[in-house]
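Open the model in your viewer and keep the selection tool at hand. We will go stop by stop.

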Amino acid sequence: MRIVPYILLLACFGFANTASAQVDTVLVDAGSQDNQEVSVAFGKKNKDEITGAVAVPNIKAAVSSDYNIFLGSFLTARTLGMIGSNNIRGLGIGLEVADLTGSGPGSGNALYIVDGLPRDLEGLRFSEIESITVLKDVNAAVLYGSAAVNGVIQITTKRGAANKPMASVSVNRGVSIPQALPKYLNSADYMEWYNRARQSDGQTHQFSDEMIANYRNGNPYRYPSVDYYSSDYLRPNKVYTDVITEFSGGDENARFYTNLGWNSAGGLLDFGEAANSRFNLFNVRGNVDLKVNPWINTAIDAAAIFAQDRGIRGNFWSAAANTRPYEFAPLLPFDLIDPELPQLTGRKNDVEGKYLLGGTTNFLTNPIADSYSGGAVDGIFRKFTFNNRINFDLDQFIKGFSFHTNISFDYFTGYGQTVFNEYSVYTPTWHATEDRITALTQHGQDVRPGTQVVSNPYFRRRIGFSGLFNYDRLFDDKHRISGKLIAFGSVFKERDNAFDGIDNLQGFKQAHLGLQLSYAYDSKYVIDFSSAAVNSIKLAPGNRIGFSPTLGVAWVASSEDFLADNPVIDYLKLRLSGGVLKSDMQIGGFFYYDHRYSGSGNYTWYEGSRSRASTVSSWLGNTGLGYSGRNEVNLGLEALMFDKSFGVEANVFYDYYNKLVVRPGTQFPSFYTDFISYQNFEADRYAGAELGLSYNRQIGDWRVFTGVNMLYVTSRRMIVDEAYDFDYLNRKGQPKDATFGLEALGLFQSQQEIDDSPIQTFGTVRPGDIKYKDQNGDGIINSNDEVYLRRYQAPLSGGLQLNIGYKNFNLFMLGEARFGVDNFRESSYFWLDGQKKYSEIALNSWTPETAQTATHPRLSSVTNSNNHRRSTYWMYSDDFFQMRRMQLTYDFEKDFAGKLGMSNLRIFANATDLFQFAPNKEIRKVRIGAEPNYHSFSLGLTADF
């Protein structure tokens, strides 16, 4: 896991959980403007002439109705076909694809293209974006080559407009309030239930009644019951501020655009150095467009991000979820300590002049002490991007021809900057009968070197380039012939010694040629051939070239005479596309085509007096290893009806991912394992449909827009490397995101029931433990009894938008829904055994007295492997509908704004993750061992000059 850039990603995404727009797909404006163009791969097209499946959010509408800070999950719940911020149609789930997005490998990552080349999204502000196009099918995405196997999210940033000077300032300030905090037992209750856990294990009680009473009613420093989620340590909310300024201007010969931003967010912790925790991000983006001569122009873009995340040593949230409340008192007050003790008179490190730091031999360091005396940790992040485009209009030489180049360089670096202070903690010895500390045992020493230590270095570097010959010509105002010949490549390299041990010396190199040929007759009948000749250094010489052909056709039926005067249908377009996109992204490493050997200890000889390192095979090379392929057919429809007030878009798609690379171990004897080569072996199938509906109407001073988008997708494993003794264990035929586990039959109620049941082989079984079903009837419960339990990706997902305007007021709402997915209660909050901290779930544990009402297995003071394994017992429905965004906006009259020297003035109040409807919303809301989920509320204004 790449922790360093993730801190920045989370900070950027955290304040923009979901964005919204009034319009979510091409269809809403389809046909409303004859020449309206849409950004597609390497250019723009009239939307009538697009044959692939694309979605185009209306960014202008989003800016006016919903304030978003960072891009984040802008597409979630609002764009047809999107699941989350970077998964298109749920395709490629579970595939360990190489990470070229900066967001981690796997789970079907889409490729992000920013201003024509692959880019990462850290710190990309929503205010910097001019347009977004989601290229969903292979026909729309193939020109981006191998990396586009799971689709493309194409982003174009803003530029200056000739003779239209602009200045804008936006200020937003808000608070984030925890949705829910974990609830744990206090010390006395924990001790009572831990005694019951020991009793259920056949052991004696550990805590006496007197001790429990003392921890319930006694001095809180002598008998601590620490609630790490109380107001002693947490604020009720955290505050954030965001400021954006934009400037643009110029004329036909030179134009510029600049975006400056500052985002600052405080923390929830409210003690010691943790109270000063703060994330600050400064960004600047600028670009210049220059007209060199009548047929050459160039564009230069540069952006920089400077971020600092200040925090404390240690992980407070992890400690809060795992440290039992009675372990130690974090602070020991002076007024309870014998003033003659040398540790008090000679102290070098105290807290607020009133306390010493508490601790034990098991807690020599802890987040409370770290915050007061351990020093600070600063995560430092820097990102620089640059690109240059040169455009040659060759129309005067060859009618319809142009040539374009684009080159980019991006560099992201991060590191930790820490002041490591050493400190002492003290274990008190209390007076036998009085609440007075008579002795202190010191652990550690108080040393404040004041030296900053740089650690956890990380960098990511990306270079991209493209060259494009473009031909686009209209003959007789009816026949449009266009073509593109593209050379495209990128090099991605990263190094992270701190966390993954990533030291990617090889780097990810992508290079391909693209060819597109299309013909449109009167913008009515369209045929498009798009293809890529991809190259991979992961494959053997002589086998590195792969050809990816796609074909798309479209028919604008509403342009036909028989529909020209139809009173209902204003616009109707049918699309069909298909093809193959070959990719090496699923190949996880390099040199699989070559034999690989590695060391394996030493062997001795010459009567043991000599030794040599031994070498063994890791795998045999496979020079025939080839590309994986995404084979797809997509059928689509776009329509506007009833005077363009009602819009429909629908797509049905079938995707077959074949020749997936694995080492097929089940195809060979076990002794041959070290010699098995990587092969194109497995295959998965995805099929689904997506539907978008919209209604847009203005009646007098009222404006109404509502939109619904839905996605249903299924997957099926077609060819799998597996060999199981029983058919029900096979993954073949099951969903790609299938989870297997045991089928629970409830809880054992007696020893007799255990004796009469099949033998469960996961450890000692007692009354109150989970009872499992013997699937194969062999009288033994083991891994051979696991069955299909659930999908981890929702098959049905969607979003709901509502935008209501009256005069100068506007109310926007965005909801997200997912159905048909289950999850598991598997965190330490639910799996209670051994020495774990007990949550409130323990109160519902099985005992002989609660056998008929218990909702949780018995507690155990030792590791309980029988209960704590994946099974239906821990499953819960994760269906939900959540109100992601809500904003009320007021636009002042232009006359009033003009008196203030402004062209426009807008104020707004918004809320994020306001509420949700879910059968298990309390489980969904609580996060364990991490910062909580938040509701966010803010006020802001935007002024244009």
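Select strand E25 and strand E26 (residues 545-556) in this predicted model. The two run antiparallel and are joined by eleven bridges. Zoom in on Ser530. Which residue is its bridge partner in E26? Thr550 is.

Keep E25 (residues 525-535) on screen and add strand E24 (residues 508-521). This pair is antiparallel as well, with eleven bridges between E24 and E25. Pick Gly514 and look across to E25: Ala532 stands opposite. Now follow the chain through the hairpin of E24 and E25, where three residues lie between the strands. Stop at Asp522. Its phi is positive, near 55 degrees.

Next, go to Ser645. Find it in the loop that links strand E30 (628-641) to strand E31 (646-662). Is Ser645 buried or exposed? With a relative accessible area of 6%, Ser645 is buried, because that value is under the 20% cut-off. Show what surrounds it. Beyond residues up to four places away in sequence, Ser645 touches Ser694, Tyr695, Asn696 and Arg697.

Move on to Glu840. This residue also sits in a loop, here between strand E42 (822-824) and strand E43 (875-877). Its relative accessibility is 33%. Glu840 therefore counts as partly exposed, since 33% falls between the 20% and 50% cut-offs. Which residues does Glu840 contact, leaving aside neighbours within four places in sequence? Display Lys183, Tyr184, Leu185 and Tyr829. Then select Asn186 and draw a distance between the two C-alpha atoms. Glu840 and Asn186 are 654 residues apart along the chain, yet these atoms are separated by 9.5 Å.

Finally, colour the chain by pLDDT. The mean is 90, and 93% of the residues reach 70 or more. Two elements mark the ends of the range. Strand E37 (residues 770-772) has the highest mean pLDDT of the chain's elements, at 98. Helix H1 (residues 3-14) has the lowest, at 37.

Select residues 1-35. Throughout this stretch pLDDT stays under 50. The model has 134 contacts for these residues beyond four places in sequence. Then jump to residues 498-502, where pLDDT is again below 50. This stretch has 14 contacts in the model beyond near neighbours in sequence.

Notes
Residues numbered from 1 in each chain as written. Predicted model: local features only at pLDDT ≥ 70, side-chain atom pairs only at ≥ 80, totals over all residues. Heavy atoms only, no water. Helix = DSSP H or I, 4+ residues; strand = E, 2+ residues; numbered from the N terminus. Buried < 20%, exposed > 50% of the residue type's maximum accessible area, 1.4 Å probe, protein only. Contact = heavy atoms within 4.5 Å. pLDDT = per-residue confidence, 0-100. Pairing = 2+ DSSP bridges.
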